[in-house]
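Student: I should like a close look at a single part, the second largest cavity. Please describe its space and its lining, and then place it beside the other cavities and the aromatic pairs.

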Amino acid sequence: MRTVLLPLALSAATVLGLGSYYETNDDTTLAWLFSGVLALKPVPSVPLFLHGYGHLLAAAYTAAPGVPWLGLLLGALLGAATVLAFAVLDKLLRPCLRPGPLVLVLTLFFGLAWLEHWLWFSHARVALLLAGMGVLFAAQRPGRRGALLIGLLALGAAWLIRPSLATLGAAAAVPAAVWLAGSWRRAFPVLGSAALGLLLATGILHWQQTLAEARAQRRDAALSRILDFDQLCPQPRTPADSLGTTAIGLWLLGDSTVVNEALIQRAYRFDAADFLTREVPAKLRQRLTLLGRDYFPLLLVLAATAVAVARRRGRHGWFWLLQLGFAGGLILLAGVFKLPPRLGLPLLDFWLLTNLVFWLNNANAASANHASGGAQAAGEADAAPAAANVQRPALYASGERLPWMEPGALPRRGAIAGLLLVITLYVVKTWHRHQVLSQEQRRHESALDIIAVQEARRVRILAGTNDLLKSLSPFRIYRHGRQPVLLLTGWSSHDASQAELRRALTGTSDQTECLRRLAELGTYGSEADALWVLTPETARWLSHRFLLGGPRVQLWPGPLPTAYGADSAAWRYHIREPADR
């Protein structure tokens with residue numbers, strides 16, 4: 001019950017009570033690709049995401065387009081990760097706590113360290129958590145083939161979602177896995193099988209990768225250095241370079257004649273001095289401040305476990321080395337790459353579990369040593385009772401105390417009052433986040449509804465509206481009628497399916513020529529064939545792009561904005577010829 005019904009009940013209560021909101025627009029974009037909103041038909045394969053799942057999702061959306069299949073799939077996998085986490089914690093804490101307190105501790109863990117995974121939904125969280133928890137579940141049960149099979153299946157399912165994140169999750173779980181198994185030798189079958197499986201899967205993926213997929217992966221890696229990691233600075237040399245760097249800054253990535261690998265190599269450079277002295281400190285200040293604000297309960301627990309270990313006698317070199325490793329890893333991600341919440345909290349969860357496992361193992365060892373010493377002093381007659389004491393719960397055996405009950409620590413009542421204060425503050429913060437996300441969801445759904453009711457008999461063209469895809473529910477369907485949507489901004493704009501869509505709409509796969517031909521369609525009244533919904537910045541760029549060769553057309557906004565929000569303003573645009581034509 002504690003390992004299955006409790007986590008599932010808490011997860012359901014979170015989704016039903018607080019809601020669930022996509023953390024980024026990536027997941028809604030994926031849902032729109034797999035369901036065919038952004039293509040001629042459901043897309044079965046996306047190069048960087050959901051390997052293998054795409055074919056199942058495309059078939060499911062084709063059979064039942066009104067069901068949110070992607071959200072249900074990711075929700076089921078996150079539910080599996082939640083059950084595995086509770087199974088690991090339950091087995092770890094069962095010798096230490098009676099059933100009632102154990103349920104309370106598990107519920108507290110969910111509220112402080114896990115609830116956000118359901119509230120702020122992301123496929124990235126699912127990949128990290130499922131991979132790491134699968135490794136921990138198997139390592140905690142060494143020698144059991146069923147547990148090993150479950151762990152490897154969880155790792156494989158996570159790898160199919162996002163290989164790099166599954167690998168990161170498995171790596172973050174290695175220290176706790178070794179201590180849960182008892183030694184490197186006992187953990188080797190699990191860790192070796194996991195490493196071998198990841199290597200084989202990665203090798204097979206690269207072996208069957210097409211040239212177009214490999215090119216898309218290289219392009220995505222280069223664009224990530226610009227748009228996600230802020231590692232490359234634009235230094236355009238020509239007007240064409242300026243047009244391309246501006247397009248990248250606006251996420252207008254579909255025009256391959258302007259945005260390509262040659263442009264990135266020519267018009268961007270890595271300035272090490274500027275990056276290390278300006279970008280890295282700024283990113284660290286921002287991200288570490290947010291870590292402290294958003295996850296202060298976990299940071300306090302990590303500090304408490306470190307203090308508890310420091311107060312114990314003996315050498316704990318590996319423990320302190322791992323503290324430096326986790327802290328250094330978070331700093332590296334935050335400063336050199338990026339550390340959004342969908343990565344930060346899962347890594348903090350693995351850090352917390354690592355410290356908890358070490359502290360409990362250390363407590364068990366201290367209790368066993370104390371009991372052994374008492375048995376020797378009492379003689380042979382007392383040996384049996386002393387041995388029995390070793391089998392008793394570690395935190396209650398031989399006078400073992402919790403950290404806040406040790407001599408010289410805060411009084412127990414003060415510790416409980418402090419814990420209640422921390423819980424209260426975190427509840428307030430979580431409720432505030434729920435309110436912010438629900439308000440943002442209502443704004444974005446309203447804006448999408450406005451766009452959906454606009455007449456467009458052939459196609460809807462969107463640019464700069466990607467933020468409207470954030471904070472939507474994973475368990476709802478968002479569509480724009482039967483007409484396809486040509487989304488010009490975001491990573492999906494250079495997906496292979498977009499070239500096929502442009503060719504089907506206008507007979508050409510070139511984005512600029514396709515848009516010129518779509519500009520000839522009517523945009524007014526109930527007989528409009530095309531609907532252009534753009535932000536002012538993307539409209540200006542497209543108008544400038546139209547002026548460079550070919551028919552000269554410009555985009556002009558309508559009398560009223562189509563959608564306003566705190567984070568976006570999109571207008572319905574019409575086509576007008578320049579006055580000097």
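Tutor: About 50 Å³ of space lies in the second largest cavity. A cavity here is a set of points on a 1 Å grid over the protein atoms alone where a 1.4 Å probe fits but cannot get out, and lining residues have an atom within 4 Å of a point. Points are joined across faces, edges and corners, and the volume is the space filled by probe spheres set on them. The model is predicted, so local features need pLDDT of at least 70 and side-chain atom pairs count only at pLDDT 80 or more, while totals for chains, interfaces and linings use all residues. Residues are numbered from 1 along each chain as its sequence is written, and side-chain values use heavy atoms, with hydrogens and water left out.

The lining of this second cavity consists of G111, L115, E116, L119, Y426, K429, T430 and R433. Helix α19 (412-453) and helix α6 (115-119) each supply at least two of these residues, and α19 gives the most, with four. Helices are DSSP runs of H or I with at least four residues, strands are runs of E with at least two, and both are numbered from the N terminus. By class the lining has three nonpolar, two polar and three charged residues; Ala, Val, Leu, Ile, Met, Phe, Trp, Tyr, Cys and Pro count as nonpolar, Asp, Glu, Lys and Arg as charged, and the others, Gly among them, as polar.

In total the structure holds four cavities of 30 Å³ or more. The largest has a volume of about 120 Å³. Its lining numbers 15 residues, of which A31, Y61, R476, I477 and Y478 lie nearest the centre. The largest share of that lining, four residues, comes from α2, and the whole divides into nine nonpolar, four polar and two charged.

Turning to the rings, the count comes to 14 aromatic pairs. Rings of Phe, Tyr and Trp (its six-membered ring) pair if their centres lie within 6.5 Å; planes under 30 degrees apart count as stacked, over 60 as edge-to-face and the rest as tilted. The pair of W118 and F121 is tilted, because the centres are 6.3 Å apart and the planes stand at 50°. Both W118 and F121 are buried, that is, under 20% relative accessible area, where exposed means over 50% and partly exposed in between (1.4 Å probe, protein chains only). Ring pairs link W118 and F121 with Y22 and F475 into a cluster.

How values were computed
1 Å grid on protein atoms, 1.4 Å probe; cavity = no way out; pocket = protein on both sides within 12 Å on 5 of 7 lines; lining within 4 Å.
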